[in-house]
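Thanks, everyone. I'll keep this brief. Please look at the sequence and the model as I put them up.

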Amino acid sequence: MATQAEISAEMAAIERDSRPDEPQPRLAYPPYRSSILRHPTMAPHRVDPEAVELLAPVFGDRDVDPLDADLTVQHDGQPIGERIVVTGRVLDGDGRPVAGQLVEIWQANAAGRYRHQRDQHAAPLDPNFTGTGRCLTGPDGGYRFTTIKPGPYPWLNHHNAWRPAHLHFSLFGTAFTQRLITQLYFPGDPLFALDPIYRSITDQRARDRLVAAYDHDVTRHQWCTGYRWDIVLTGTGRTWTEQGAHP
C-alpha cells in the first residue's frame with residue numbers, strides 16, 4: 001500500500017503537467033486508486049430515456065416536509081457535535097434562481113462515521129443522528145439545512161489516508177436521469193493538500209468553488225455556526241459534479 005508521501009508526490013507531478021483551465025477532475029486519476037478501475041473507458045452511448053424517466057420522480061410540497069431539512073430533530077435526543085446551518089442558492093449559468101429543485105444531503109456524523117453497514121471503522125455511531133436530509137429550493141433558488149458538522153474519516157486508498165470533512169449534495173432536476181452529485185467542503189481544512197479526491201480537480205479555482213464560506217450573518221447566537229454555499233449548474237463558474245460515486 002502506498003504511503004501518503006508517495007501519493008502526494010504523484011499528485012504534485014500531475015499538477016505540474018496539468019492545464020490551468022482544467023475545471024473537471026480526470027476520470028482516471030492514479031493517486032485516487034479506484035478511479036483506475038472505475039472510470040469509463042469508452043465514449044458515452046446516447047439513447048432516448050424511457051418515458052417514465054422523463055416523468056418521474058416528481059416531488060411537491062406535500063412530499064417533502066420542512067422538517068426533512070433539519071437533521072438534528074429526527075430522533076428523540078440531540079445529536080452530538082457542532083451544530084451548523086448550511087444555506088445557499090441553486091443558480092443557472094446566468095445567475096438566475098432554479099426554484100422547486102429537490103436537494104438532498106448525506107454525511108458522516110461528528111466522529112466521522114456513516115450510518116451504513118459498510119462503514120465499520122473504529123468511530124462511534126450516534127443514536128440521534130442518521131445523517132440524511134432533503135428540501136426543495138424556494139422561489140429564489142434557496143436551500144437551507146440544519147445539521148452537525150461532520151468529522152474527517154479514514155479510507156483505504158493508501159496508508160493513513162483521511163478524507164476532509166464534507167457533505168454530499170444531490171440535485172435531481174426534473175427527472176432521475178438529470179441527477180447531479182457533488183460535495184461541499186469546509187474552509188481551512190488541513191487535509192485538502194493530502195486528499196486525492198479533492199485534488200483530482202487540478203484547477204484551484206474549481207476546487208475553491210466546492211468550499212463553503214463561513215457566514216456570521218447565518219450564525220445564530222448561542223445556537224449554531226453558519227456557512228453559505230451556492231451551487232451553479234452551468235457556465236464557466238459551474239460547481240463540479242461527480243462522474244461516479246465517491247466516498
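I'll go through strand pairing, then salt bridges, then two single residues.

One reminder before the details: this is a predicted model.

Let's begin with the sheet. Four strands make it up, in the order E3-E2-E7-E8. The sheet is open, and its pairing is antiparallel. Which strands stand at the edges? They are E3, residues 132-136, and E8, residues 180-185. Each has a single partner strand, so one side of each is left without a neighbour in the sheet. From one strand to the next, the twist averages 25°.

Now look at one pair inside that sheet. Strand E7 covers residues 166-171 and is joined to E8 by six bridges. The two run antiparallel. If you want a register mark, take leucine 167 in the pairing with E8: leucine 184 stands opposite. As a general point, side chains in a regular strand alternate between the two faces of the sheet.

Next, strand E10, residues 225-228. E10 pairs with strand E1, residues 83-91, in the parallel sense. That pairing has four bridges. Within it, valine 86 has tyrosine 227 of E10 as its bridge partner. E10 also pairs with E9, residues 213-214. Here there are two bridges, and the strands run antiparallel. Opposite arginine 228 in E10 you find alanine 213.

Stay with arginine 228, and we move to salt bridges. How many does a search of the whole structure find? Nine. One of them joins arginine 228 to aspartate 215, with the closest N and O atoms 2.9 Å apart. Aspartate 215 sits in the loop between E9 and E10, while arginine 228 is in strand E10, so the salt bridge ties together parts 13 residues apart in sequence. Is aspartate 215 buried or exposed? Buried, at a relative accessible area of 15%. Arginine 228 is partly exposed, at 38%.

A second salt bridge takes us back to edge strand E3. Arginine 134 and aspartate 68 meet through their side chains, at 3.3 Å, N to O. This pair links distant parts of the chain, 66 residues apart. Arginine 134 is in E3, and aspartate 68 is in the loop between helix H3, residues 51-55, and E1. Both count as partly exposed: arginine 134 has a relative accessible area of 23%, and aspartate 68 comes in at 22%.

Then there is aspartate 94 with arginine 96, a salt bridge at 3.3 Å, N to O. Aspartate 94 is exposed, with a relative accessible area of 62%. There is also a network of salt bridges, which links Glu15, Arg199 and Arg207.

Two single residues to finish. Arginine 16 is in helix H1, residues 4-17. Its relative accessibility is 64%, so arginine 16 counts as exposed. How far is arginine 16 from aspartate 68? They are 52 residues apart in sequence and 44 Å apart in space, C-alpha to C-alpha.

Serine 35 is in helix H2, residues 35-38. With a relative accessible area of 6%, serine 35 is buried, because the cut-off for that class is under 20%. What does the side chain of serine 35 reach? The backbone oxygen of tyrosine 32, at 2.7 Å. Leaving aside neighbours within four places in sequence, serine 35 is in contact with Leu27, Ala28, Tyr29 and Pro30.

That's the tour. Over to you.

Definitions and conventions. Residues numbered from 1 in each chain as written. Predicted model: local features only at pLDDT ≥ 70, side-chain atom pairs only at ≥ 80, totals over all residues. Heavy atoms only, no water. Pairing = 2+ DSSP bridges. Axes fitted to C-alpha atoms, helices over the stretch in contact; angles between N-to-C directions. Buried < 20%, exposed > 50% of the residue type's maximum accessible area, 1.4 Å probe, protein only. Polar contact = N/O pair within 3.5 Å; in protein donor to acceptor, adjacent residues only side chain to side chain. Contact = heavy atoms within 4.5 Å. Salt bridge = Lys/Arg side-chain N within 4 Å of Asp/Glu carboxyl O.
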